[in-house]
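Colleague: Got a minute? I'd like a quick tour of this one.
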Amino acid sequence: MTMVKWIIAAEIAFWVVIIAGLFARYVLKSKKISILLFLLTPLIDLALIMLTVVDLRNGATATIAHGISVIYIGVSIAYGKSMIDWADHKFQSWFLKKPSSKKILVGLEKGIYELKMLARHVFSYLIGSAIFWLIINYVGSNGTDAIIGVWKTWSVVLIIDGIISLSYLVFPKRTESK
């Protein structure tokens, strides 16, 4: 199976496990089973990174997909809990018909929230960068140009995200008049 297929399989497995965990929590009323299912998500990440390393170690030339698999791991670790919280909120809203309690953020609150999200992005980037360089050093730098290219692109994206996030403090969103 190509790396792209493994990445897609990992993403599907991630969301299937999350939905199954929410189903166990709210429909089956089993918090233990839901926690067990949620704990499977890091194993999915670990499997994907192992597949990436094995593929490269077995002589595959690094592709953009290999780089994306590393980003996937960093994002999953840094945003995993918030993604589960988001899914939990949506599950309750859509399937349990609970009203949304989500507050629209404006002004300084919105700016602080965006800085927190930027901090998660930086954390994700640091995890991903460490994995990128560990892989390159483990498999050798020969034929890893695509991975380095993905890392450089992610670096630019992080800078752009930083500028956008800081703009919420410099130009705060005002409350909408009714």
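Colleague: Which pattern does the protein follow, read along the sequence?
Modeller: The pattern is α-α-α-α-α-α. There are 6 helices and 0 strands. Both are DSSP runs numbered from the N terminus: helices are H or I with at least four residues, strands are E with at least two.

Colleague: Any ground rules before we go on?
Modeller: This is a predicted model, where local features need pLDDT of at least 70, side-chain atom pairs count only at pLDDT 80 or more, and totals for chains, interfaces and linings use all residues. Residues are numbered from 1 along each chain as its sequence is written, and side-chain values use heavy atoms, leaving out hydrogens and water.

Colleague: What box do the C-alpha atoms fill?
Modeller: Roughly 60 × 45 × 20 Å, taken along the principal axes.

Colleague: And what percentage of the residues count as buried?
Modeller: 36% of the 178 residues. Buried means under 20% relative accessible area, exposed means over 50%, and partly exposed is in between (1.4 Å probe, protein chains only).

Colleague: Switching to pockets. How much space lies in the largest pocket?
Modeller: About 390 Å³. A pocket is an open set of points on a 1 Å grid over the protein atoms alone, where a 1.4 Å probe fits, with protein on both sides within 12 Å along at least five of seven lines; lining residues have an atom within 4 Å of a point. The volume is the space filled by probe spheres set on the points.

Colleague: Which elements give two or more residues to the lining of the largest pocket?
Modeller: Helix H4 (64–94) and H5. H4 gives the largest share, 6 residues. The lining includes Tyr79, Trp86, His89 and Arg120.

Colleague: Which residues form the nonpolar patch on the surface?
Modeller: Leu108, Ile112, Leu115, Leu166, Leu169, Val170 and Phe171, with about 660 Å² of accessible area together. Helix H5 (107–139) and helix H6 (145–170) each supply at least two of the patch residues. Patch residues have over 30% relative accessible area and no salt bridge, and nonpolar side chains are joined within 5 Å.

Colleague: Why does Ile112 count as partly exposed?
Modeller: Because its relative accessible area is 40%. Ile112 lies in helix H5.

Colleague: Last one: where is Leu40 found?
Modeller: In the loop between helix H2 (31–38) and helix H3 (41–57). Leu40 is partly exposed, at 32% relative accessibility. Its C-alpha atom is separated by 9.0 Å from that of Ile18, 22 residues apart along the chain.

Key
Patches are made of residues with over 30% relative accessible area and no salt bridge: like charges are joined within 9 Å, nonpolar side chains (Val, Leu, Ile, Met, Phe, Trp, Tyr) within 5 Å. Accessible areas come from the Shrake-Rupley method with a 1.4 Å probe; for residues, only the protein chains shown count as cover. A salt bridge is a side-chain nitrogen of Lys or Arg within 4 Å of a carboxyl oxygen of Asp or Glu.
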